[in-house]
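Visitor: Could you please take one strand of this model and describe it closely, and then turn to the space enclosed within the protein?

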Amino acid sequence: MAGVQDIFNGMAKEYDDLSDLWYSWLFSRLHYFIANKIIYREPLKKVLDIGCGTGFQSYLYSAAGYNVIGIDIANELLEVAKEKETGFNPDRVELFPEYFDYVAQYNQKIRNILKKKIGKIDYFPPKFYFGDAQNISYNDKKFDHINCCGSTLSFVPNHKKAISEMARVLKPGGTFLIEVEHKWNFNFLWYILDPIVRGKLQLNKSVRQGLKFLTKKFTRNIWINFPFGEYNKPINMNLKLFSAYSLKRDLMKYGLKVEKKYSIHALTNLIPCTFLDNLKPSKKLIFLFKILAQLEEKFPFYLPGSSLVLYGKKLK
Ligand SMILES: C[S@@+](CC[C@H](N)C(=O)[O-])C[C@H]1O[C@@H](n2cnc3c(N)ncnc32)[C@H](O)[C@@H]1O
């Protein structure tokens with residue numbers, strides 16, 4: 001776990017500066033889901049943001065009047081989160097810089113949703129503390145909603161322990177939103193292809209890693225070694241890719257029933273993620289990405305994407 005902590009601490013300064021297509025799309029879509037599917041529909045609540053990082057989602061919930069506590073094991077990300085309080089304007093939410101027009105459009109959509117709530121409510125800035133998802137230091141049934149996004153569960157060594165902790169601190173009838181790395185999406189093709197094209201996709205030079213997708217049971221989660229960050233100087237981290245079936249079953253064991261499933265980077269992942277996680281994307285790449293992104297937005301039904309987003313309730 002120290003590895004994960006150190007790597008995220010090392011990203012603290014650049015974490016919020018999303019000038020690549022991959023993460024700016026991921027977080028624009030995710031934040032819009034939160035505003036549209038949760039904030040817009042649910043009354044004011046106590047929220048626990050597990051693996052809050054620099055507080056993207058914590059600030060979003062609190063802009064709508066929710067009472068938010070964020071916990072994380074990376075102290076330096078928590079410091080960035082706390083510092084944001086000074087410049088944060090709940091009436092003009094902009095969670096990260098608008099390098100692409102779709103980020104500005106999603107920010108505007110989110111602001112329109114929040115406007116319907118703000119005016120009636122008080123704003124409480126989120127509070128941030130050091131805390132491990134596998135051993136949460138709060139009493140049972142304290143929170144009305146749990147947010148655990150940005151793939152936090154994919155970095156946690158024992159995700160079942162983290163799920164049992166989520167279930168313990170969530171009130172019966174309370175809701176949760178979990179976003180993790182998904183096993184079944186176009187990336188799995190790129191993993192298998194990369195050793196054949198001699199690592200040109202910069203994803204996976206090892207045949208063994210590619211074969212994991214094919215040799216492990218279809219419904220089993222797998223650990224992979226993933227190159228985060230810039231194409232030319234990646235930071236390799238272990239990452240758990242979840243099968244939706246397994247994760248839903250693990251959640252259900254603790255009384256957390258999934259009601260809705262969404263995905264992000266379904267069609268956009270027709271371009272390997274390593275090309276999209278580039279701080280200076282070419283005009284051609286941006287053009288192609290936007291076509292796929294617009295199609296993904298319009299797709300009326302669930303397509304498996306590289307991010308799996310699960311929303312549900314704790315049974316009473
Ligand atoms: C990709 S970041 C996501 C941060 C934030 N939720 C977001 O969406 O921007 C993953 C976060 O999980 C945190 N994390 C990893 N393992 C954790 C654990 N065992 N307990 C709490 N946080 C953890 C990392 O420190 C990091 O901040």
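**A covered strand and an enclosed space**

Guide: Strand S9, residues 307-314, is mostly covered, with seven of its eight residues buried (under 20% relative accessible area, 1.4 Å probe, protein chains only). The model is predicted, so local features need pLDDT of at least 70 and side-chain atom pairs pLDDT 80 or more, while totals for chains, interfaces and linings use all residues. Residues are numbered from 1 along each chain as its sequence is written, and side-chain values use heavy atoms, without hydrogens and water.

S9 pairs with two strands (DSSP runs of E, at least two residues, numbered from the N terminus; pairing requires at least two bridges). With strand S5, residues 170-181, S9 forms seven bridges in the antiparallel sense; here Thr175 stands opposite Lys313 of S9. With strand S8, residues 256-264, the pairing is again antiparallel, over eight bridges, and Val258 faces Gly312 of S9.

As to enclosed space, there are three cavities of 30 Å³ or more (sets of 1 Å grid points where a 1.4 Å probe fits but cannot get out). The largest cavity holds about 200 Å³, the space filled by probe spheres set on its points. Its lining (residues with an atom within 4 Å of a point) comprises 23 residues, and Trp22, Glu181, Asn187, Phe226 and Cys273 lie nearest its centre. Among the elements that give two or more residues to this lining are strand S6 (222-228) and strand S7 (235-241). S6 provides the largest share of the lining, four residues.

Notes: 1 Å grid on protein atoms, 1.4 Å probe; cavity = no way out; pocket = protein on both sides within 12 Å on 5 of 7 lines; lining within 4 Å. Buried < 20%, exposed > 50% of the residue type's maximum accessible area, 1.4 Å probe, protein only.
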